[in-house]
Amino acid sequence: MSNAWTRRSFLAGAPAVLLARKTAAPRPNVVFIASDDLRNALGCYGHPIVQSPHLDGLAARGVRFDRAYCQYPLCGPSRTSMLSGLRPDSTRIWANEIAIRDTVPDALTLPQLFRQNGYHSVRLGKMYHMNVPGSVGTNKWDDPPSWDVAISPPGLENKTPGEGRNVTPHIGEGGAFHWISFKGEGKHQADDRAAEQAIELIHQRRDQPFFLGLGFLRPHVPSVAPERFFDLYPLEKMNLVVNPPNDLAHIPRASEIAINTRANDMGMKDSDKREALRGYYATISYMDWQVGRVLEALARTGQASRTAIVFWSDHGWHLGEHHRWQKRSLFEESARVPLIVAAPGRRARGASSRALVELIDVYPTVAELCGLKRPGHLEGQSFVPLLDNPARAWKSAAFTQVSAPEGIVGRAVRTDRYRYIRWEGPYPDEELYDHQTAPDEHTNLARDASQAALLKQLRAVLEAGWRAARARV
Ligand SMILES: [Ca+2]
């Protein structure tokens, strides 16, 4: 597969499709949409400012998960875990820039499973890890066995002409809050090209099932979007997080090391923070607009009712909570992700679920939605029952982990009420937060002697692990 941007024909995968046409009963298409670095900042999640009409419309057709958690709050490890169906301790991928087959040569990935079952499997944009903006337009850590066609559209990214500013110039591109507002629709942006290719695919292949992995880059920095999306968010309306004065006192040293340069507000003044927020929100609305174009193509071609749509982000994102920005933390803002599923034939529509679900659960869910036999290696649990009854009893815990320099490993467990974090390595420590009494995670109960029994109980939940936390179905 070429690394170059090509407009190669989607007929490249024709043999598998012709086979499917002869042998398989009609199966739904899958449109599997990723947004990069998106937290639950969408209108449908109740955000007071962010405008996301198209994703809100998708949520109105399916189920919005309010407590979905990534397994690792960083692009590469999260994506390889989700797409392979293996947790990070099984993929052994705890950092970016590692391909799934470097550590699991015989992986059977989600798109590969669909491919083996007669689907035409297409990747447009970022599915597996891609450094943004550094490796946009390349296939560097992609997984060729996953796809019949894989296209990594290039984009101008931080080189886009327009009005802008890097508000954190001491941090390299990819981490810097560098915003650029430009005139026009952005035909030079990778997300625009990916959406355009997706629309082309949807129009071309009306009779064969496809699995479309559509990976948008935004709102990952640089915050590049057309001017009209910046105009939605006047700087004076950007409200900053207010942390209590002693907030950092309860945070363990290992946690500070793990988040690296993203602590201490990244050195930003309040005016810088408002620009960072505006860039983040503008690029969310821009990404939402791209999603809208694709959903419209499905509707226009009559395929909306026979397409399962999954929208997800690889991890969450801090916007100043605990003086942190961006990812790599085990707090709620970084571990929780938006997740919306709209699939044909399921009973819940326009519903939300407070069930604890994990990105690792998406693989078996999508396989079940399309009637594919689930492989035995999967370490997640299909949440299809929640798509019919979003309020039913479900998992007792969700797990997220992170690794950091000096041999630091952090392991978090989220239960219905609590978040417990254990830090292993040179600075062993613990954190315990009660979401019922202090949902902002400002009060670390692990240091409160009166909470010893609760601490012991949550240590046991972490040690029992994901197998013990599965829902009974
Ligand atoms: Ca990411």
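Q: In what order do the four strands of the open sheet that includes β15 and β18 stand, and is the pairing parallel or antiparallel?
A: In this predicted model, the four strands follow one another as β15-β16-β17-β18, and the pairing in this open sheet is antiparallel. The edges are formed by β15 (398-404) and β18 (429-434), each of which pairs on one side only. From one strand to its neighbour the turn is 10° on average, with direction ignored.

Q: How many bridges join strand β16 to strand β17, and which residue of β17 stands opposite arginine 411?
A: Strand β16 (residues 408-414) and strand β17 (residues 418-424) run antiparallel and are joined by six bridges. Opposite arginine 411 stands arginine 422, which belongs to β17.

Q: What is the order of the strands in the open sheet formed by three strands, and what can be said of its pairing?
A: Here the order is β5-β6-β8, and the pairing is mixed. The edge strands are β5 (163-166) and β8 (223-226), since each is described as pairing on one side only. The twist from one strand to the next averages 5°. Between β5 and strand β6 (residues 178-182) the sense is antiparallel, over four bridges, and asparagine 166 faces histidine 178 of β6.

Q: Which helix packs on that sheet, and which strands are touched?
A: The helix is α10 (residues 270-300), which touches β5, β6 and β8, and whose direction makes about 55° with that of β8.

Q: How should I read the packing of helix α2 against α10?
A: Two packed helices are described by the angle between their axes and by the distance between those axes. For helix α2 (residues 53-61) and α10, the axes come within 7 Å and cross at roughly 55°. That crossing makes α2 oblique to α10. On the α2 side the contact is made by Pro53, His54, Leu55 and Leu58, and on the α10 side by Asp288, Trp289, Val291, Gly292 and Leu295.

Q: Where is the kink in helix α14 centred?
A: The kink, of about 65°, is centred on glutamate 463. The span of helix α14 (residues 452-469) can be read beside this: a straight helix of 18 residues would span 26 Å at 1.5 Å a residue, whereas α14 spans only 22 Å between its end C-alpha atoms.

Q: Which residues are joined by a cis peptide bond with omega of about 5°, and which by one with omega of about 15°?
A: Most peptide bonds are trans. In this chain, a cis bond with omega of about 5° joins valine 132 and proline 133, and proline 133 lies in the loop between β3 (120-125) and β4 (149-151). Another cis bond, with omega of about 15°, joins arginine 218 and proline 219, and proline 219 is found in strand β7 (residues 210-219).

Q: Is the phi of glutamate 157 positive or negative?
A: Most residues other than glycine have a negative phi. Glutamate 157 is not a glycine, yet its phi is positive, at about 45°; this residue lies in the loop between β4 and β5.

Q: What average pLDDT does the protein chain have, and over which residues is the pLDDT below 50?
A: The chain averages a pLDDT of 94, and 94% of the residues score at least 70. Over residues 1-22, however, the pLDDT is below 50, although this stretch has 31 contacts in the model beyond near neighbours in sequence. Where pLDDT is low, the predicted coordinates should not be read in detail.

Conventions: Residues numbered from 1 in each chain as written. Predicted model: local features only at pLDDT ≥ 70, side-chain atom pairs only at ≥ 80, totals over all residues. Helix = DSSP H or I, 4+ residues; strand = E, 2+ residues; numbered from the N terminus. Expected span 1.5 Å × (residues − 1). Bend = angle between axes of the 7 residues up to and from the residue. pLDDT = per-residue confidence, 0-100. Contact = placed C-beta atoms within 7 Å. Pairing = 2+ DSSP bridges. Axes fitted to C-alpha atoms, helices over the stretch in contact; angles between N-to-C directions. Parallel < 35°, antiparallel > 145°, perpendicular 65-115°, else oblique.
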